[in-house]
Amino acid sequence: MANHQSSEKRIRQTEKRRLHNRYYAKTARNAVRKLRAMTEKETAADLLPKVSAMLDKLAKKHIIHRNKAANLKSSLALHVNKL
């Protein structure tokens, strides 16, 4: 266990950040899943910019890798265009 006050504080901060990041990453994953399940082009086209913005924000904050965000956005755009 931690012996210093600063390391105890760091443990608290890390745990808090981990939960925060996990929440937003899970929310984005669910949004991607929801978009992939859509079969109507109009609603999918409306949702695509919102999901793309969500992925960009996660990549900007280093919650997910920027290449992963780009790959997800690309595959979602292909999916929406194919509908």
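Is the crossing of helix 1 and helix 2 left-handed or right-handed? In this predicted model, the crossing of these two helices is left-handed. Helix 1 and helix 2 pack at an angle of about 155°, and their axes lie 10 Å apart. Angles over 145 degrees count as roughly antiparallel, so helix 1 is roughly antiparallel to helix 2. On the side of helix 1, the contact is made by Tyr24, Ala25, Thr27, Ala28, Ala31, Val32 and Leu35. Helix 2 answers with Ala44, Leu47, Leu48, Val51, Met54, Leu55 and Leu58. Sorted by class, the residues of this contact are 13 nonpolar, one polar and no charged.

One member of this contact, Leu58, can be followed a little further. Leu58 is found in helix 2, and its relative accessible area is 5%. Residues under 20% count as buried, and Leu58 is therefore buried. Leaving aside neighbours within four places in sequence, Leu58 is in contact with Tyr24, Ala25 and Ala28, and also with Ile63 and Ile64. Arg10 offers another reference point: Leu58 and Arg10 are 48 residues apart along the chain, and their C-alpha atoms are separated by 22 Å.

Helix 1 also meets helix 3. Helix 1 spans residues 5–37 and helix 3 spans residues 66–82; their axes come within 10 Å and cross at roughly 20°. Angles under 35 degrees count as roughly parallel, so helix 1 and helix 3 are roughly parallel to each other. The crossing of helix 1 and helix 3 is left-handed. Here Val32, Leu35 and Arg36 in helix 1 meet Leu72, Ser75, Leu76, His79 and Val80 in helix 3. By class, this contact has five nonpolar, two polar and one charged residues.

What, then, are the residues with the most contacts inside the largest nonpolar core? They are Val32, Leu35, Val51, Leu55, Ile64 and Leu76, in a core of 17 residues. Helix 1, helix 2 (41–60) and helix 3 are the elements that give two or more residues to this core. The largest share, seven residues, comes from helix 2. Leu76 shows how the pieces come together. With neighbours within four places in sequence left aside, Leu76 is in contact with Val32, Leu35 and Arg36, as well as with Leu48, Val51 and Leu55. Val32 and Leu35, listed in the contact of helix 1 with helix 2, thus appear again in the contact of helix 1 with helix 3.

Methods: Residues numbered from 1 in each chain as written. Predicted model: local features only at pLDDT ≥ 70, side-chain atom pairs only at ≥ 80, totals over all residues. Heavy atoms only, no water. Axes fitted to C-alpha atoms, helices over the stretch in contact; angles between N-to-C directions. Helix = DSSP H or I, 4+ residues; strand = E, 2+ residues; numbered from the N terminus. Parallel < 35°, antiparallel > 145°, perpendicular 65-115°, else oblique. Left-handed = near helix turned anticlockwise from the far one by under 90°. Contact = heavy atoms within 4.5 Å. Nonpolar A, V, L, I, M, F, W, Y, C, P; charged D, E, K, R; others polar. Core = buried A, V, L, I, M, F, W, Y, C linked by side-chain atoms within 4.5 Å. Buried < 20%, exposed > 50% of the residue type's maximum accessible area, 1.4 Å probe, protein only.
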